[in-house]
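Please open the model in your viewer and keep the selection tool at hand. This tour goes from one selection to the next and says what is found at each stop.

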Amino acid sequence: MHKFWSTMVRRTEPYVPGEQPNTQDLLKLNTNENPYSPSPKVLESITEETNQLMRYPSPTADLLRAEIGKRYGLEPDEVFIGNGSDEVLAFSFMAFFDPGKIIRFPDITYSFYPVYAKLFDIPYEEIPLEEDFSIPSSAFANSPGGVIFPNPNAPTGIFLELESVKEMVVANPDCVVIVDEAYIDFGGESAASLIADFENLLVVQTTSKSRSLAGLRVGYALGQAHLIEALIRIKDSFNSYTIDRLALRGALASFQDHAYFSEKTMQLIRTREMTTERMSALGFHVIPSQANFLFMEHPDIHAADLYMLLKKENVLVRHFDKQRIANFLRVSIGTDEQMERFLEVTGKICMG
Ligand code: PMP
């Protein structure tokens with residue numbers, strides 16, 4: 001604490017992102033990045049756009065909003081673009097949650113939610129997941145201040161059926177329910193189809209995972225126009241140009257190349273299923289995942305030890321030193337070749 005720090009800074013407990021080391025020959029399976037490059041059309045568009053770097057980007061991101069809207073049967077004014085979905089989530093906390101009104105999220109979930117809650121002084125209640133780590137949707141009914149959860153959940157990878165999502169939205173008519181769909185393209189079903197019917201539903205997605213654009217920083221929110229307007233008001237009271245030209249153009253090209261997106265997503269799902277089967281054969285309890293990562297534990301090797309043993313072999317995964325999940329590892333899905341290497345190293349460790 002420094003005497004010059006504001007009360008806001010004093011109450012922060014910043015998020016700690018997964019390591020991004022520069023080690024050579026590292027098998028990096030710790031931050032749920034996509035192992036494939038983005039579509040070649042993204043790279044072409046970005047190169048072309050570099051001619052325009054002397055000009056400010058569009059503050060309204062109209063072209064990209066229209067393109068994303070088209071994909072979900074929504075109007076451009078039902079789409080908000082942000083600098084990664086983390087920024088969209090931060091703006092959403094400011095736009096829809098109030099100090100003094102308790103919001104709810106699961107006890108095991110994306111660890112940025114409590115960080116935003118502290119930053120914006122929003123009280124929260126952590127709803128315990130069921131024994132099998134599924135989300136108890138009925139426990140979220142009539143939340144005083146709002147609801148937020150990822151679907152599929154992170155770090156479990158478990159998808160909550162759309163029917164249950166709908167029940168949560170119906171059971172909270174007086175506050176906003178935010179569904180964070182960062183991993184939705186790997187087998188889940190988006191709640192975007194419910195937007196026309198529910199004025200209190202905000203769906204947040206990202207190009208970081210299924211579109212291989214983690215480095216470009218483009219996330220977005222889908223919701224009825226009055227919710228989107230609130231997000232725009234926050235953004236325009238903060239920074240008119242949160243998305244740079246290269247990001248706007250690259251993300252647009254990514255949405256325009258649907259064939260590439262489908263092919264890579266399907267390949268990743270196949271690799272996930274193969275890895276699940278082979279890890280189970282090694283004795284791991286692997287939670288069935290609808291995301292681009294697996295959450296797993298071994299009955300005989302503690303996750304903290306396994307994390308270190310893998311690290312020694314230049315394989316980086318994620319371990320959360322947190323109650324209930326301390327014996328689990330989260331492993332991002334890479335290419336088939338990368339997962340073969342992961343399986344080989346893990347197999348050797350398990351043989352002792
Ligand atoms: N939501 C969840 C559940 C995530 O795991 C992540 C990635 N860390 C994000 C949102 C943020 O992703 P980005 O800011 O790259 O869009």
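Begin with the two domains, whose C-alpha centres lie 23 Å apart. To colour them, select residues 2-37 together with 259-350 as domain 1, and residues 40-257 as domain 2; such bounds come from an automatic or database domain assignment. Before going further, note that this is a predicted model, in which local features need pLDDT of at least 70 and side-chain atom pairs count only at pLDDT 80 or more, while totals for chains, interfaces and linings use all residues. Residues are numbered from 1 along each chain as its sequence is written, and side-chain values use heavy atoms, with hydrogens and water left out.

**Stop 1: where the domains meet**

Select the residues of each domain that touch the other one, taking contact to mean heavy atoms within 4.5 Å. The contact takes 33 residues from domain 1 and 36 residues from domain 2. The size of an interface is often given as the accessible area lost when the parts come together. Here domain 1 and domain 2 bury about 2900 Å² between them, and 61% of this area is on carbon and sulfur atoms; the buried area is what the two parts lose on being put together, found with a 1.4 Å probe and summed over both.

Across this interface of domain 1 and domain 2 there are 2 salt bridges, a salt bridge being a side-chain nitrogen of Lys or Arg within 4 Å of a carboxyl oxygen of Asp or Glu. Now show the side chains of Arg324 and Asp107, which form a salt bridge with their closest N and O atoms 3.0 Å apart.

Next, colour the parts of domain 1 that face domain 2: α1 (7-11), α9 (258-281) and β10 (293-297) each supply at least two residues of the touching side. Helices (H or I, at least four residues) and strands (E, at least two) are DSSP runs, numbered from the N terminus. Which element gives the largest share of this side of domain 1? That share, 7 residues, comes from α9.

**Stop 2: helix α3**

Select residues 62-72, which make up helix α3, and look for Leu64, Arg65, Glu67, Ile68 and Gly69, which are buried. Buried means under 20% relative accessible area, exposed means over 50%, and partly exposed lies in between (1.4 Å probe, protein chains only). If you then add β2 (79-82), β8 (219-222), α7 (225-235) and α8 (245-256), you will see elements that are included in what covers the buried residues of α3. Just after the helix, Gly73 takes a positive phi of about 65°.

Stay in α3 and display Asp62 and Arg65, whose side chains meet in a salt bridge (3.9 Å, N to O). Both residues lie in this helix, 3 residues apart, about one turn of the helix. Is each partner buried or partly exposed? Asp62 counts as partly exposed because its relative accessibility is 45%, whereas Arg65, at 10%, counts as buried.

**Stop 3: a salt bridge between distant parts of the chain**

Select Arg249 and Glu48, whose side chains meet in a salt bridge of 2.7 Å, N to O. This pair links distant parts of the chain, with Arg249 in helix α8 and Glu48 in helix α2 (residues 40-49), 201 residues apart. Both partners are partly exposed, Arg249 with a relative accessible area of 23% and Glu48 at 49%.

For another pair, select Lys235 and Asp236, where the salt bridge is 3.0 Å, N to O. Lys235 is buried, with a relative accessible area of 5%, while Asp236, at 44%, is partly exposed. Returning to the helices, add Glu49 and Arg245 to the selection of Glu48 and Arg249, since salt bridges that share partners join these four residues into one network.

**Stop 4: two buried residues**

Select Ser254 in helix α8, which is buried with a relative accessible area of 7%. Beyond residues up to four places away in sequence, Ser254 touches Val42, Arg211 and Leu213.

Finally, select Phe149 in strand β5 (residues 146-150), a residue that is buried with a relative accessible area of 0%. Leaving out residues up to four places away in sequence, its contacts include Pro106, Tyr113, Ile135 and Val165. The C-alpha atoms of Phe149 and Val165 are separated by 10.0 Å, although the two residues are 16 residues apart along the chain.
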